[in-house]
Amino acid sequence: MKDNGNIRSLLPPLTRRSFTHGVGRFGAGLAAAGALGVPALIGTTARAAGFTGPRSFKIGFVAPLTGPVAPEGIAMQRGFDLGIATLNAAGGIAGHKVDVVSQDTQAVPAVAGTVVKKFIQEEKVDMIVGTITNDEEVVASQLCAAAGVPVLFPEHGFWHSFCNATTVMMGENSFDLNGPLVPFAAEKFGKKFFLIGSDFSYPHAYLTVAKNYMKQAGVTVLGELYAPLGTADWSSSIAKIKSAKPDVIYSCVVGGDAIAFVKQGASLGLLPGTPLTGDTLQPEFYPALGGATDGQYVCVRYSEDIKTDGNKKFIADYKKKYGEGPIPLVATSAYDTLSFVKAAVEKAASYDKKAVFNAFKGLEAKSILSDKPLRIDPMTMNPAYPMYITQIQKGGLYKIVKEVGLVKNDLKCEA
Amino acid sequence: MDGLLQVALDFVWASAGLALVAFSLGLILGELKIVNVAQGDLMMVGAYCMYSMRALPFALALLITAVFGLLLGLVLERGILRWVYDKGFIATLLATWGIGIVLEQVAAVLFTVSQKGIDSPLAGQITVGALSYPTYRLAVICGIVLLLGALLLLVYRTSLGLRLRASIDNVEMAAVMGISPQRTFAMVFAVATALAVLAGALIAPTLAITPTLGLSFLAPAFFAVLIAKPGSLAGPVVGAVAVELTFTLLQARLNVTLAESILFGLLALFIALKPQGISWTWKTAGRKT
């Protein structure tokens with residue numbers, strides 16, 4: 001991690017997933033779940049857990065429900081809705097039910113700005129939670145900082161530009177994702193990598209961080225390709241990768257393009273013969289891939305194979321409400337974010353916005369991800385997540401094959 | 001050598017799909033004189049049809065999809081477009097734009113916006129020399145070549161084709177000669193819609209099915225039409241091959257983003273310098289009636 005300082009500015013300026021908005025409805029099963037106790041969302045290590053608020057706690061939820069990142073937006077909404085329902089069924093925050101106002105941002109920064117301003121000025125929200133794309137988050141972060149309203153980005157890992165007095169970055173960062181994966185893949189498959197990604201800022205930043213780890217692991221990069229978002233035909237890129245004969249394809253092709261890339265790679269004989277890893281193989285893509293990724297390895301923050309009580313409950317509730325199939329990662333992060341919100345407000349023992357934001361610094365909260373509390377690093381305002389190397393099983397389970405634990409980095413917000 | 005063969009086959013694959021879409025666009029632009037910006041969304045409809053019928057045999061699903069495309073085209077033409085023909089270019093453009101938006105939203109409501117996929121009906125590979133190439137791609141290439149060949153024969157070697165070309169050349173004069181514009185418009189739009197829907201159905205096994213699936217095909221298809229001689233029905237097919245050949249050559253040395261930028265730049269420049277499109281001698285003598 002010697003080069004962190006040099007590449008910090010390249011940390012993910014765009015998130016790879018998106019959210020949707022919406023107010024959750026209580027399901028009958030969820031009420032029962034609340035009565036029985038839901039470890040993650042009820043549990044808190046906050047010092048002032050006995051604090052009772054003056055009124056309902058109000059969250060403004062913003063997400064792109066329509067537009068190019070709507071799949072991720074809707075998945076985020078589902079996780080958030082379920083989290084709110086579970087939280088309220090378990091008694092809410094500070095003894096009060098949590099109220100939510102929500103609205104679609106269409107993945108348009110100007111719309112996101114209008115919605116956030118409306119939530120702050122008219123709805124008088126205590127906090128903003130959402131959205132997906134970096135452009136929207138920049139707007140939301142700036143508006144919230146100016147208004148002194150805490151804002152949480154469930155899917156955004158540390159990014160230096162979001163270091164301000166109100167933003168909390170709840171996602172895993174590119175160091176978490178690449179740090180364990182690069183040496184694992186190099187050791188298991190060989191040290192000749194071919195890099196490929198979608199051509200926008202997040203994949204470039206992700207692969208820049210990855211290359212730093214590759215250098216440390218003695219990996220030779222045979223080639224690096226990028227293709228515009230919306231690329232339908234990957235034949236030429238696949239031909240170039242095949243001719244390079246890499247040991248590993250390290251990919252940050254995202255969204256629907258990832259499905260096209262994998263399907264065409266399989267039909268053209270590139271996969272599964274050559275290991276494919278990176279940030280391309282999201283669990284929610286599995287049903288569309290027809291088993292083309294069975295056996296591949298990826299590094300993740302969340303897997304349905306995490307055997308905590310909170311995760312078992314979450315999986316059961318999620319599938320009961322939304323049906324079977326892999327749970328999108330963005331849904332898990334939106335759900336888990338609410339554990340931290342509850343813990344922060346109760347630790348602050350106040351709805352005061354500054355006090356609540358400060359309570360996030362060094363906050364420890366229970367999560368569906370671990371039996372041990374997770375901690376928000378006060379230097380980055382980003383939780384430190386235990387990471388896992390997983391292998392994709394037939395049927396879509398990301399089976400944990402290696403528990404990596406917390407990934408060290410020397411990131412920090414600087415003045 | 002294998003690499004060259006693979007590039008050549010990839011080029012033919014890409015050209016075949018684009019040619020089908022461009023031919024359908026050219027039909028609509030030539031006969032109805034409207035720019036159908038919903039063509040990509042019609043491809044999306046075809047892909048979702050195949051997803052909906054993924055439990056059926058692929059060929060049967062394809063047949064049902066094509067028939068559905070014909071009916072959809074008839075409904076759209078009779079229900080919407082015929083009311084705006086005389087309102088001018090902008091009105092028809094907006095009408096097709098609106099149709100596209102509605103189709104996308106309907107797909108999002110019916111299937112959600114999450115990515116869907118279907119399996120290829122022919123999972124194996126055929127060995128060509130030392131190269132193995134997907135059987136499905138080769139089958140689709142053959143199918144499209146046969147289909148386009150049959151359509152071009154229909155257009156240039158039958159009385160029906162002659163009537164169509166007469167209507168394209170001068171709709172008023174054709175009407176005087178007893179060729180009903182309304183009937184021709186409806187038939188052309190229905191066939192063109194079915195072709196776009198069919199194109200979407202055929203590529204569905206190779207990519208993610210989403211409400212915006214067809215949008216990336218729209219720009220190259222329009223360029224394929226625009227570089228051809230206006231009104232020519234074989235022209236868009238040749239245009240599609242020219243577009244894909246240029247793109248393939250550019251991609252051989254450049255990354256996809258740069259290749260795409262240069263491609264569209266070159267095409268725009270070509271159209272600016274030669275707005276009448278590529279012209280060549282083509283025997284258009286239809287059967288005398």
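**A friendly note on the two-chain model**

1. Let's start with one residue, A:Lys58. Leaving aside residues up to four places away in sequence, A:Lys58 touches A:Asp99, A:Glu123, A:Lys124, A:Val125 and A:Asp126. A:Lys58 sits in strand S1 (residues 57–63) of chain A. The C-alpha atoms of A:Lys58 and A:Val125 are 5.1 Å apart, although 67 residues separate the two in sequence. Is A:Lys58 buried or exposed? The answer lies in between: A:Lys58 counts as partly exposed because it has 17 C-beta neighbours inside 10 Å, where being buried takes 20 or more and being exposed 12 or fewer.

2. Please keep in mind that this is a predicted model. For chain A the mean pLDDT is 86, with 88% of the residues at 70 or more. Which elements of chain A mark the two ends of the confidence range? Helix H2 (residues 28–36) of chain A has the lowest mean pLDDT, 37, and strand S8 (residues 248–252) of chain A has the highest, 97.

3. Two stretches call for caution. Residues 1–39 of chain A have pLDDT below 50, yet the model gives this stretch 134 contacts beyond near neighbours in sequence. Residues 43–47 of chain A are also below 50, and their contacts beyond near neighbours in sequence come to 16. Predicted coordinates should not be read in detail where pLDDT is low.

4. Now the overall make-up. Chain A is built with 14 helices and 15 strands. Of the 415 residues in chain A, 60% are buried. If you take the contacts in chain A between residues at least 6 apart in sequence, 76% of them join residues at least 24 apart.

5. Back to S1(A) and its partner. S1(A) pairs with S3(A) in the parallel sense over four bridges, and A:Gly60 stands opposite A:Ile128 of S3(A). Strand S3 (residues 127–130) of chain A sends A:Met127 and A:Val129 one way and A:Ile128 and A:Gly130 the other, and all of these are buried.

6. What comes after S3(A)? S3(A) also runs parallel to strand S4 (residues 151–153) of chain A, and two bridges join them. One of the pairings puts A:Ile128 with A:Val151 of S4(A). To get from S3(A) to S4(A), the chain passes through helix H6 (residues 134–147) of chain A, and this β-α-β crossover is right-handed.

7. There is an open sheet to look at as well: four strands of chain A in the order S7-S6-S8-S9, with parallel pairing. Why do S7 and strand S9 (276–278) of chain A each have one side without a neighbour in the sheet? Both stand at the edges with a single partner strand each, so that side is left free of a neighbour in the sheet. From one strand to the next, the twist averages 25°.

8. Inside that sheet, strand S6 (residues 192–198) of chain A and S8(A) are parallel and share five bridges. A:Leu195 has A:Tyr250 of S8(A) as its bridge partner. H9(A) packs on the sheet and touches S6, S7 and S8 of chain A, its direction making about 175° with that of S7(A).

9. Some backbone details deserve a look on your screen. Most residues other than glycine have a negative phi, and most peptide bonds are trans. In this model, the peptide bond from A:Gly130 to A:Thr131 is cis, with omega near -20°, and A:Thr131 is placed in the loop between S3 and H6 of chain A. Another cis peptide bond joins A:Leu271 and A:Pro272, with omega about 5°; A:Pro272 belongs to the loop between H10 and S9 of chain A.

10. Two residues that are not glycine have a positive phi: A:Lys245, at about 50°, and A:Met381, at about 55°. A:Lys245 is in the loop between H9 and S8 of chain A and counts as exposed because it has 10 C-beta neighbours inside 10 Å. A:Met381 is in the loop between strand S12 (370–377) and strand S13 (382–383) of chain A and counts as buried, with 23 such neighbours.

11. Finally, the partner chain. How many residues of chain A are in contact with chain B? There are 31, and they meet 31 residues of chain B. Elements that each supply at least two residues to this side of chain A include helix H4 (70–89), strand S7 (220–227) and helix H9 (235–244). H10(A) gives the most, with six residues. By type, this side of chain A has 16 nonpolar, 11 polar and four charged residues.

Methods. Residues are numbered from 1 along each chain as its sequence is written. Chains are lettered from A and ligands numbered from 1 in the order in which they are written. This is a predicted model: local features need pLDDT of at least 70, side-chain atom pairs count only at pLDDT 80 or more; totals for chains, interfaces and linings use all residues. Two residues are in contact if their C-beta atoms, placed from the backbone, lie within 7 Å. Ala, Val, Leu, Ile, Met, Phe, Trp, Tyr, Cys and Pro count as nonpolar, Asp, Glu, Lys and Arg as charged, and the others, Gly among them, as polar. pLDDT is the predictor's confidence in each residue, from 0 to 100. Two strands pair if DSSP finds at least two bridges between them. A crossover is right-handed if, with the strands pointing away from the viewer, the path from the first strand over the helix to the second runs clockwise. Axes are lines fitted to C-alpha atoms, for helices over the stretch in contact, and angles run from 0 to 180 degrees between N-to-C directions.
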